Amino acid sequence: MSDGGRSWRLVRADTDAVPTSVRRFMARARRRKLRAALPWAVTAGVLLVAGAVAWIVYGTSVLGVRQVEVVGTDSLTPLQVEEAAAVRMKQPLAGVDLDRIRGRVEGLPAVDRAVVSRSWPGTVVIEVVERTPVAAVAAGRNFTLIDGEGVAYRTVSQRPRGLPLAQLTAPGPDDINTRSALTVLSSLTAELREQVVSISVLAPAQVRLGLRKDREVFWGDETQSERKAQVATVLLERKGDTIDVSAPDVVTIR
């Protein structure tokens, strides 16, 4: 455009009116601001996503309990374990109190220990280890099973095959006669254990084993039980109804 011999050029106030050096300075300033704000934006985004995930996991039933899986039962049924565990369905799996469930399951007399775990996306797994009977105690017409710690945990109508009958006045973990019986039973050799049908403990020093064919081993007290078991095993081939190993270095057979 010309006016009276003068030439004019239209400029844009937002760019052309600003010197190049100033524009470069402003651009660098904007980039610095963006770089400074980026970590905060990323952090905010991560926190937002983490919060959403936490809400889904802990605050909703999207990943809630859908199933209880019980393994390892023998005398118990999975349903009995489930009822004792009392796991609330659809509660967030991440928030399930595994220790409390384990405590309830281990409250079952037949359970020695239990392991409770989560299996994503919606299963509580209960692994049960039941007590192993080592003897049966007559209880009227029934029989009470006791484990290796002397815990009486189950009553059955028939004595399990191969399980010795324990004659104890007050069977239990704190009973001295029960502890003597368990010590003796745990020391038996395989050959001797196969012959044992009963164990009687009227007093700690009066332990007797009833064998097949109406034979008997007088054990005395629980001391030197492993030595006594070895000697009694050797003497099984000898004739005689009563084997006395109360003094294992000086045995008698009658």
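**Exercise 1: the loop with P121**

Find the loop that holds P121 and work out which form, cis or trans, the peptide bond from W120 to P121 takes.

*Solution.* Start with the place: P121 sits in the loop between β4 and β5. Keep in mind that this is a predicted model. Next, check omega for the bond from W120 to P121: the angle is near 15°, and the bond is cis. Is that the usual form? Most peptide bonds are trans.

**Exercise 2: two residues with positive phi**

Look up phi for D214 and for Q224, then decide how exposed D214 and Q224 are.

*Solution.* Take D214 to begin with. You'll find D214 in the loop between β11 (207-211) and β12 (216-220). Its phi is near 60°, a positive value in a residue other than glycine. Because exposed means over 50% relative accessible area, D214 at 73% counts as exposed.

Now move on to Q224, in the loop between β12 and α6 (225-235). Phi is positive here too, near 55°. With a relative accessible area of 48%, Q224 is partly exposed. For background, most residues other than glycine have a negative phi.

**Exercise 3: checking a helix**

Work out whether the end-to-end distance of helix α4 (residues 176-187) agrees or disagrees with its expected span.

*Solution.* Count the residues: α4 has 12. The expected span is 1.5 Å times one less than that number, so it should come to 16 Å. Then compare: the end C-alpha atoms of α4 are 17 Å apart, which agrees. While you're there, pick out the buried residues of α4, among them N177, L182, V184 and L185.

**Exercise 4: what surrounds T132?**

Decide whether T132 is buried or exposed, and list its contacts beyond four places in sequence.

*Solution.* T132 belongs to the loop between β5 and β6 (133-139). Its relative accessible area is 55%, so T132 is exposed. Beyond its sequence neighbours, T132 touches I146, D147, G148 and Y153. For a distance, try L145: it is 13 residues away along the chain, and the two C-alpha atoms are 8.9 Å apart.

**Exercise 5: into the core**

Find the residues with the most contacts inside the largest nonpolar core, and trace the contacts of V105.

*Solution.* The largest nonpolar core has 27 residues, and V81, I101, V105, V124 and I126 have the most contacts inside it. Elements giving two or more residues to this core include α2 (78-85), α3 (98-106) and β5 (123-130). Skipping neighbours within four places in sequence, V105 contacts V81, A85, V111, A114, I126 and V128. Finally, look for a second, separate core: it has 26 residues, including L188, V207, A229 and V231.

Technical notes. Residues are numbered from 1 along each chain as its sequence is written. This is a predicted model: local features need pLDDT of at least 70, side-chain atom pairs count only at pLDDT 80 or more; totals for chains, interfaces and linings use all residues. Side-chain values use heavy atoms; hydrogens and water are left out. A nonpolar core is a set of buried Ala, Val, Leu, Ile, Met, Phe, Trp, Tyr and Cys residues joined through side-chain atoms within 4.5 Å. Buried means under 20% relative accessible area, exposed over 50%, partly exposed in between (1.4 Å probe, protein chains only). Helices (H or I, at least four residues) and strands (E, at least two) are DSSP runs, numbered from the N terminus. Contact means heavy atoms within 4.5 Å.
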